Amino acid sequence: MDRKEYKSAFGKEHYERINLAVPKGMKSIIKSLADDRGMSVNAYLQDLVRKDQCGMFDTMQIAEKNREMISGITGNMHDGYDIVFKDGYCCHCRTKKDVRSCIIDHCSEKAVDTVFFAVLLKTCKVLHKTPIFLLVTCVLPFSYRKIFVCFDGV
């Protein structure tokens, strides 16, 4: 694959295109607003969308630490809200309170997983055991542990 084909394939895989129709004269206004801020039209429009999302985050009182895990929120109070997380998880909520609960639940699950595996790896280094052995030893009931002892030397 040559350079041009690679760039084309990369663009199709990582980006989406939007055709935007605006009234005559609006294109030059948007371009001049973007130029005033030292941005391209594309970057300027993305910045506007991000600011709109931040406004929705503020309205829903979503904590700063959880905002970085969210790809976007769409919807309204009549149809409900769709939350898309950066890890691909999605949920639909009817109220702003449900939105906050969903975000907190999903983010706390991720935090627990991250902390658990960090502790597991540190413990493995101290005890000179493999992660599989410690995971089995810590999580499985005692009667099942004998099955996995063979992983000790892996």
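Two strands are taken as paired if DSSP finds at least two bridges between them. In this predicted model, strand E1 (residues 70–76) and strand E2 (residues 80–85) are joined by 6 bridges and run antiparallel. The connection from E1 to E2 is a hairpin through 3 residues, and across the pair Gly75 of the chain stands opposite Tyr81 in E2.

These strands belong to a protein chain that has 7 helices and 3 strands, and the order of its elements, read from the N terminus, is α-α-α-α-β-β-β-α-α-α. Of the 154 residues in the protein chain, 19% count as buried. The accessible surface of the protein chain comes to about 12,200 Å², and carbon and sulfur atoms account for 60% of that surface. When contacts in the protein chain between residues at least 6 apart in sequence are considered, 15% of them join residues at least 24 apart.

Within the hairpin, Ile70 offers a useful place to look. Ile70 lies in strand E1, and because its relative accessible area is 4%, Ile70 counts as buried. Once its neighbours within four places in sequence are left aside, the residues in contact with Ile70 are Phe57, Ile62, Ile83, Val84, Phe85, Lys86 and Ile103. Ile70 can also be related to Cys90, 20 residues apart from it along the chain, since the C-alpha atoms of Ile70 and Cys90 are separated by 9.7 Å.

Cys90 leads on to the cysteines. A search of the whole structure finds 1 disulfide, and this disulfide joins Cys91 to Cys102 with an S to S distance of 2.3 Å. The pair links distant parts of the chain, with Cys91 in strand E3 (residues 90–93) and Cys102 in helix H5 (residues 96–127), 11 residues apart. The torsion about the S-S bond of Cys91 and Cys102 is about -115 degrees, and the disulfide is therefore left-handed. Both partners are shielded from the surface in the sense that Cys91 is buried and Cys102 is buried too.

Why do Cys90 and Cys93 not take part in a bond of this kind? A disulfide requires two cysteine sulfur atoms within 2.5 Å. For Cys90, the closest cysteine sulfur is that of Cys91, and because the distance is 7.8 Å, the two are too far apart for a bond. For Cys93, the closest cysteine sulfur is again in Cys91, and the separation of 4.1 Å is likewise too far for a bond. As for their surroundings, Cys90 is partly exposed, with a relative accessible area of 48%, whereas Cys93 is buried, with a relative accessible area of 5%.

The last feature to visit is on the surface. Ile18, Leu20, Val22, Met26 and Ile29 make a nonpolar surface patch of about 480 Å². One of these residues, Ile29, lies in helix H2 (residues 26–36), and because its relative accessible area is 43%, Ile29 counts as partly exposed. Ile29 may be set beside the other isoleucine described above, Ile70, which is buried at a relative accessible area of 4%.

Notes
Residues numbered from 1 in each chain as written. Predicted model: local features only at pLDDT ≥ 70, side-chain atom pairs only at ≥ 80, totals over all residues. Heavy atoms only, no water. Helix = DSSP H or I, 4+ residues; strand = E, 2+ residues; numbered from the N terminus. Patch = residues over 30% accessible without salt bridge, like charges linked within 9 Å, V, L, I, M, F, W, Y side chains within 5 Å. Areas by Shrake-Rupley, 256 points an atom, 1.4 Å probe, with all protein chains shown as cover. Salt bridge = Lys/Arg side-chain N within 4 Å of Asp/Glu carboxyl O. Buried < 20%, exposed > 50% of the residue type's maximum accessible area, 1.4 Å probe, protein only. Contact = heavy atoms within 4.5 Å.
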